[in-house]
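Thank you all for making the time this morning. I would like to walk through one model with you, and I will begin once it is up on the screen.

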Amino acid sequence: MKASSKILLLMFLVLLISFSITAQHAHDASYSVETIETPKGLTAQTGGIDFMPDGRLVACFMRGEVMTYNPATKQWKLFARGLSYPLGILAVNNTEVVVMQTPNLVRLKDTNNDGEADAYENETSDFGISGNYHEFNYGPARDKDGNLYIALNCASSGGGIRSIVRGELNTNGREGMDGRRQMFSVVPYRGWVLQLTRDGKLHPFASGFRSPNGIGFDLNNNLFVTDNQSDWVPTSSLYHVRKDKFYGHPASLVWRKEWKDRDPFNAPLEELDRIRTRAAVLFPQGIMASSPSQPIADVTNGKFGPFAGQLFIGEINRDRIVRVMLEKVDGEFQGACVPFLDGHGLRAGNNRLAFAPDGSLWVGQISFGGWPGTSGIQRIVYKGAPPMDIQKMSLTTTGFDLTFTQPVEQTSAADVKNYKIRAYRYEYKKKDINEGIDVANQFDVHDVNVTSSKISEGGKKISLQIQNLKPGFIYELTLGDIKSNDGGPIANRLICYTLNKLRTLNNQ
Amino acid sequence: MIVDLKRLQTLLFVLCIISLQCKRNNSNGPVSISIKALDGLKFDKVRFNVKPGSKVSLTFENVSDMPHNMVITSPGAREKVVSAGLQLEGKGPEMNFIPAMDEVLWSIPVLSPGQSKSINFVAPSETGVYPYVCTYPGHGFTMFGEMHVTMDEDSAQEEKNDSAANKPKISENPHPYPLTPPYLYHVFIDGATPASIAVALPNQISYCWDAGTCSLRFAWKGDFLDMSDIWEGHFDASAKILGDIFFTDNTAFPIRLNPGSNPGVKYKGYRLVDRYPEFHYQVDGVDVYELITSKADSLGLVREFRIPNANKPVWYYVNADDAMKYEFSAGAFDKNKLKLSAAEAKKFTVTMTSYHLAYKMKD
């Protein structure tokens with residue numbers, strides 16, 4: 001090898017390394033990740049986190065502990081124990097929390113002010129348990145009127161049911177013939193979101209969920225639930241959940257009166273497809289998220305950066321927090337998802353999110369059974385320097401508008417070659433018996449041409465023109481070498497828009 | 001002549017290669033290595049050995065319930081390859097989450113559960129530790145092993161991923177506090193609904209109170225529970241009793257406010273009284289409180305009931321034929337049932353002594 005080519009290679013390597021460093025560290029000035037030390041002897045498989053009004057964190061863990069943590073003194077204190085897989089917590093006040101565990105939604109009260117709960121009141125247990133190991137329960141999320149919402153996981157095809165169950169048994173909810181891969185619902189309201197009104201009554205609210213390990217409200221009292229990819233959920237989803245709607249997984253249908261005596265797994269696909277409500281956002285499997293968890297709205301009004309009002313969603317499978325931006329098209333929510341933070345010391349297993357009073361985002365992490373990740377708690381702190389990132393992606397009648405947090409450098413932004421778009425869809429169907437549970441096939445994958453990119457609003461907005469936008473597709477946009485006006489890199493280059501409905505001149 | 005010499009050289013070279021191959025095949029042949037992907041994000045082997053330059057036939061079989069690939073990397077490059085795999089983003093699925101880079105030496109694409117695939121390769125001539133890893137998103141953090149390229153005949157040929165050996169069973173003290181009875185767990189346990197509560201009492205006595213039926217199901221003597229399967233998230237896990245059951249309730253329901261009919265019950269929760277749970281439930285709409293302790297002689301249970309709003313007689317049924325001695329603080333006992341006046345029912349105690357435990361104690 002000649003000396004000159006060696007030098008060239010070296011230069012290329014240095015360039016490559018420096019590029020990857022800047023790409024990875026684009027967020028460094030904006031966000032940092034800190035690990036919270038958990039008490040000795042605690043297996044910190046975090047099922048829920050929230051903040052009490054006095055600023056203490058309250059967290060619950062899979063082995064049944066509920067503990068408080070004072071961020072000022074860094075002291076942990078036991079609040080309650082003995083619970084079964086507590087997977088959600090809501091702080092009511094400084095002495096009271098509500099926890100969702102396997103058998104019930106339980107209200108824990110410290111009535112003698114010694115810092116430990118002494119009353120474990122049953123809020124509701126009006127749902128069934130078959131004893132299948134996967135019948136996890138999630139929530140509660142609270143609406144503005146004080147009603148609570150919980151979500152019940154279906155049972156796993158990998159396990160059975162116990163000889164003594166709680167609740168009515170309906171075996172129509174479990175497919176007999178070739179149901180090896182189908183999650184099932186043989187006791188009431190598995191695969192449902194339920195509403196607990198303030199009179200203590202539990203109401204079936206919405207059906208069609210598979211593994212809804214994430215439930216939360218946006219700032220405008222809209223309920224959102226995530227569901228995990230596999231049978232009938234071709235890729236993980238975010239649903240805008242409304243009363244009496246059905247979201248696609250058929251097992252839960254047996255608890256609707258008109259389906260009581262039917263086999264929902266073998267109902268005509270066209271019928272199931274017709275009655276289901278589409279996801280507001282799809283997370284492409286293995287690309288954006290494979291196991292999304294709790295959605296939380298940015299309530300910080302800027303204390304956590306320039307994304308106030310948007311949703312953050314944990315990802316269990318890797319070191320990522322996803323950000324979701326929604327808009328209404330023809331009366332329905334749809335929108336885009338983008339990796340908010342990858343790496344930077346963040347671990348995998350991101351299961352629960354809560355904003356602290358100081359505006360930092362706390363992340364409860366879990367590794368349990370075969371789930372990838374680390375158990376523990378971390379917090380993400382906004383350092384005050386706004387990131388260069390896509391603030392918003394919205395559909396127009398002719399393409400997409402991208403709004404950035406800072407002005408872009410105009411030459412690169414005007415070059416249409418810097419916008420690579422692929423479109424594809426996922427097919428709603430019963431999973432083939434031989435198809436692996438994590439397989440998510442994309443259909444009709446094709447490249448999409450951007451015909452022009454127009455810059456406006458002082459360089460903050462880019463309007464992309466695209467011919468032939470099609471509903472029912474995910475538009476996956478990868479940005480090329482676009483920089484901010486002062487030369488800084490973009491924090492994330494990947495963004496996926498779920499296009500359910502076209503923007504028309506009538507629904508603008 | 002020149003041409004002929006070249007031909008001869010080529011011939012000699014080919015012969016050399018063939019003889020070398022033959023020698024290799026005769027002496028040790030291609031080494032067959034079989035690796036399985038198991039549930040819980042792991043390979044069945046965390047290490048295997050091959051000799052430098054040896055022919056390797058590697059078979060990868062996915063017997064887990066998730067998809068996995070297998071990538072062998074150059075020494076020290078595992079984390080770099082895993083991280084590059086995650087950067088593939090949209091291209092990930094079509095590339096089997098295997099990044100195109102020099103550090104990836106050999107790879108087997110994503111296999112669905114039940115699939116297997118073999119590849120052949122010649123082991124590197126340089127000795128060293130060559131990691132293998134599944135780069136499916138999320139898996140690379142925990143699912144990896146090492147291919148040792150070594151001349152060393154004596155070192156272990158392979159090492160199984162023995163989770164029992166690598167991971168100790170749930171330890172004596174599985175919580176950030178000492179476990180001193182009384183304490184409880186909500187559990188799945190045989191012989192009761194999945195809404196059960198198991199309580200460890202002092203004196204080596206434990207009981208299962210079923211919040212699904214609002215009743216004491218059974219009690220046992222010995223150690224408390226093995227919670228390992230539940231905490232490790234095993235399929236169909238339940239808590240295992242570490243003792244001998246000395247009492248099982250066979251009545252339809254012990255407390256009756258309206259004789260004859262099966263009562264309607266509703267679970268309300270419990271409060272901790274000196275760390276003992278006092279269960280609260282309703283029988284036909286009337287509040288009942290029940291607190292259970294162990295007898296000081298460790299031969300049975302003491303059940304303290306409160307029905308503060310009782311306004312008519314209450315019956316308390318016991319098993320017809322169990323080997324228990326019943327003592328009551330109030331009421332009239334006749335033919336397996338106790339009748340309490342409304343005033344007596346406001347607070348009464350049932351003491352249960354196991355003849356079996358008492359007999360064993362005499363031994």
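Let me start with a question: how many bridges join strand 9 of chain A to strand 17 of chain B, and do these strands run parallel or antiparallel? Please keep in mind, before I answer, that what you are looking at is a predicted model. The two strands, the second of which covers residues 265-273 of chain B, run antiparallel, and three bridges join them. If you would like a pair of residues to look for on the screen, take Y120(A), whose bridge partner in strand 17 of chain B is Y270(B).

From there we can step back to the interface between the chains, where 52 residues of chain A are in contact with 48 residues of chain B. On the side of chain A that touches chain B, strand 9 (119-124) and strand 31 (473-479) each supply at least two residues, and it is strand 9 of chain A that gives the most, with four residues. Sorted by class, that side of chain A has 20 nonpolar and 20 polar residues, together with twelve charged ones.

Now let me turn to chain A by itself, which is divided into domain 1, residues 31-382, and domain 2, residues 390-499. Taken over C-alpha atoms, the centres of these two domains of chain A are separated by 29 Å, and the contact between them takes 30 residues from domain 1 and 26 residues from domain 2. On the domain 1 side of this contact in chain A, at least two residues each come from helix 2 (269-275), strand 17 (281-282), strand 20 (320-329) and strand 21 (332-342). Please note that this strand 17 belongs to chain A, whereas the strand 17 that I paired with strand 9 a moment ago belongs to chain B. Strand 21 of chain A gives the most to the domain 1 side, with six residues, and by class that side has 17 nonpolar, seven polar and six charged residues.

Finally, chain B, for which the domain assignment gives domain 1 at 27-160 and domain 2 at 183-362, with C-alpha centres that lie 55 Å apart. Chain B has six helices and 25 strands, and of its 363 residues, 37% are buried. If we consider contacts in chain B between residues at least 6 apart in sequence, 59% of them join residues at least 24 apart.

That is where I will stop, and I am happy to go back to any part of it.

Notes
Residues are numbered from 1 along each chain as its sequence is written. Chains are lettered from A and ligands numbered from 1 in the order in which they are written. This is a predicted model: local features need pLDDT of at least 70, side-chain atom pairs count only at pLDDT 80 or more; totals for chains, interfaces and linings use all residues. Domain bounds come from an automatic or database domain assignment. Two residues are in contact if their C-beta atoms, placed from the backbone, lie within 7 Å. Ala, Val, Leu, Ile, Met, Phe, Trp, Tyr, Cys and Pro count as nonpolar, Asp, Glu, Lys and Arg as charged, and the others, Gly among them, as polar. A residue is buried if 20 or more other C-beta atoms lie within 10 Å of its own, exposed if 12 or fewer, and partly exposed in between; C-beta atoms are placed from the backbone. Two strands pair if DSSP finds at least two bridges between them.
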